[in-house]
Amino acid sequence: MRVVVIGSGIVGAGAAYYLTGRGADVTVVDGGYQGEATQAGAGIVCPWVDHPEDDDWYRLTREGARHYPDLVETLGEDIGYAKVGALLVAEDPADLEPVRALLHRRYPDAPEMGDITDVAAPAELFPPLSDTLSALLVPGAARVDGCSVRDALLNAAVARGAEVRTGAARLTPEGEVLVHALVGAAPGERPVAPLQPLSRRHS
């Protein structure tokens with residue numbers, strides 16, 4: 001199977017990594033633009049507090065969070081992963097009750113979040129916070145360096161045979177991907193081998 005992945009952010013790099021692991025012939029096309037989401041993201045790994053009404057989204061992100069320790073071991077690189085905990089803060093303690101209820105509801109299927117505790121003086125744990133805030137501590141929350149994750153995944157994909165091209169991609173009605181140079185680069189379009197009908201997948 002031949003796949004062209006559009007974009008080499010953390011999602012594109014992850015797609016390239018896992019596709020090459022399944023034997024796919026992968027070409028990654030990236031524009032090399034500054035300010036992509038991977039660079040802007042804070043790298044917070046705490047899926048248990050978001051999207052209370054979207055169970056599909058939650059299951060996806062919960063399983064992703066669980067996979068990080070194995071990914072660190074498999075890649076064998078420092079991707080900035082560490083369990084550091086997260087503080088959920090509010091000026092009115094009552095505003096924390098909905099998220100407390102959500103965490104307690106999700107805890108049986110996600111004990112890795114750790115035991116949720118009240119923090120009366122969150123500024124003692126994170127000095128920039130106001131002394132007037134109340135907080136809940138989620139000890140299982142972690143952080144990663146998104147750029148390091150992307151680089152490690154992309155390097156591993158390349159080691160498995162993936163090719164990375166810089167430029168902008170265009171998909172023709174016939175399923176052929178054309179890569180053309182960006183402004184300031186050499187002109188012209190370079191074709192990537194046509195995709196097979198079942199492999200028109202992009203990220």
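Analyst: Relative accessible area under 20% is called buried, over 50% exposed, and anything in between partly exposed (1.4 Å probe, protein chains only). The model is predicted, so local features need pLDDT of at least 70 and side-chain atom pairs pLDDT 80 or more, while totals for chains, interfaces and linings use all residues. Residues are numbered from 1 along each chain as its sequence is written, and side-chain values use heavy atoms, leaving out hydrogens and water.

User: Why is histidine 51 called partly exposed?

Analyst: Its relative accessibility is 38%, which falls between the two cut-offs, so histidine 51 counts as partly exposed. The residue sits in the loop between strand S3 (44-45) and helix H3 (55-75). Helices (H or I, at least four residues) and strands (E, at least two) are DSSP runs, numbered from the N terminus.

User: What makes the backbone of histidine 51 worth a remark?

Analyst: Histidine 51 has a positive phi of about 45° although it is not a glycine. Most residues other than glycine have a negative phi.

User: Why does arginine 165 count as buried?

Analyst: Arginine 165 has 17% relative accessibility; this is under 20%, so the residue counts as buried. Arginine 165 belongs to strand S9. From arginine 165 to valine 179 the C-alpha to C-alpha distance is 8.1 Å, with their positions 14 residues apart in sequence. In the chain of 203 residues, 39% count as buried.

User: Why are H1 and H5 called roughly parallel?

Analyst: Helix H1 (residues 10-21) packs against helix H5 (residues 146-159) at an angle of about 30°, and their axes are 8 Å apart. Axes are lines fitted to C-alpha atoms, for helices over the stretch in contact, and angles run from 0 to 180 degrees between N-to-C directions. Angles under 35 degrees count as roughly parallel, over 145 as roughly antiparallel, 65 to 115 as roughly perpendicular and the rest as oblique. H1 and H5 are therefore roughly parallel.

User: Which residues make the contact between H1 and H5?

Analyst: On H1 they are Ile10, Ala13, Gly14, Ala16, Tyr17 and Thr20, and on H5 Gly146, Val149, Arg150, Leu153, Leu154, Ala156 and Ala157. Contact means heavy atoms within 4.5 Å. By class, nine of these residues are nonpolar, three polar and one charged.

User: Why is H3 oblique to H5?

Analyst: H3 and H5 pack at an angle of about 50°, with axes 11 Å apart. That angle is in none of the three named ranges, so H3 is oblique to H5.

User: What classes of residue meet between H3 and H5?

Analyst: Tyr68, Leu71 and Leu75 in H3 meet Val149, Ala152, Leu153 and Ala156 in H5. This contact has seven nonpolar residues, no polar and no charged ones.

User: What makes S1 and S9 edge strands?

Analyst: An open sheet is formed by three strands in the order S1-S2-S9, with parallel pairing. Strand S1 (2-6) and strand S9 (163-166) each pair on one side only. Two strands pair if DSSP finds at least two bridges between them. Strand S2 (residues 25-30) and S9 are joined by four bridges, so they count as paired. Threonine 27 stands opposite glutamate 163 in S9. H1 packs on the sheet, where it touches S1 and S2, and its direction makes about 165° with that of S1.

User: How do you know that S7 pairs with S5 and with S6?

Analyst: Five bridges join strand S5 (residues 86-90) to S7 in the antiparallel sense, and three join strand S6 (residues 117-119) to S7, also antiparallel. Both counts satisfy the requirement of at least two bridges. In the S5 pairing, alanine 86 stands opposite valine 138 and leucine 87 opposite leucine 137. In the S6 pairing, aspartate 118 stands opposite leucine 136. The strand order of this open sheet is S5-S7-S6. S5 and S6 are the edge strands, and neighbouring strands are turned by 30° against each other on average, direction ignored.

User: What makes strand S7 mostly covered?

Analyst: Of the five residues in strand S7 (residues 134-138), four are buried. Helix H4 (residues 97-106) lies across S5, S6 and S7 and runs at about 15° to S7.

Conventions: Nonpolar A, V, L, I, M, F, W, Y, C, P; charged D, E, K, R; others polar.
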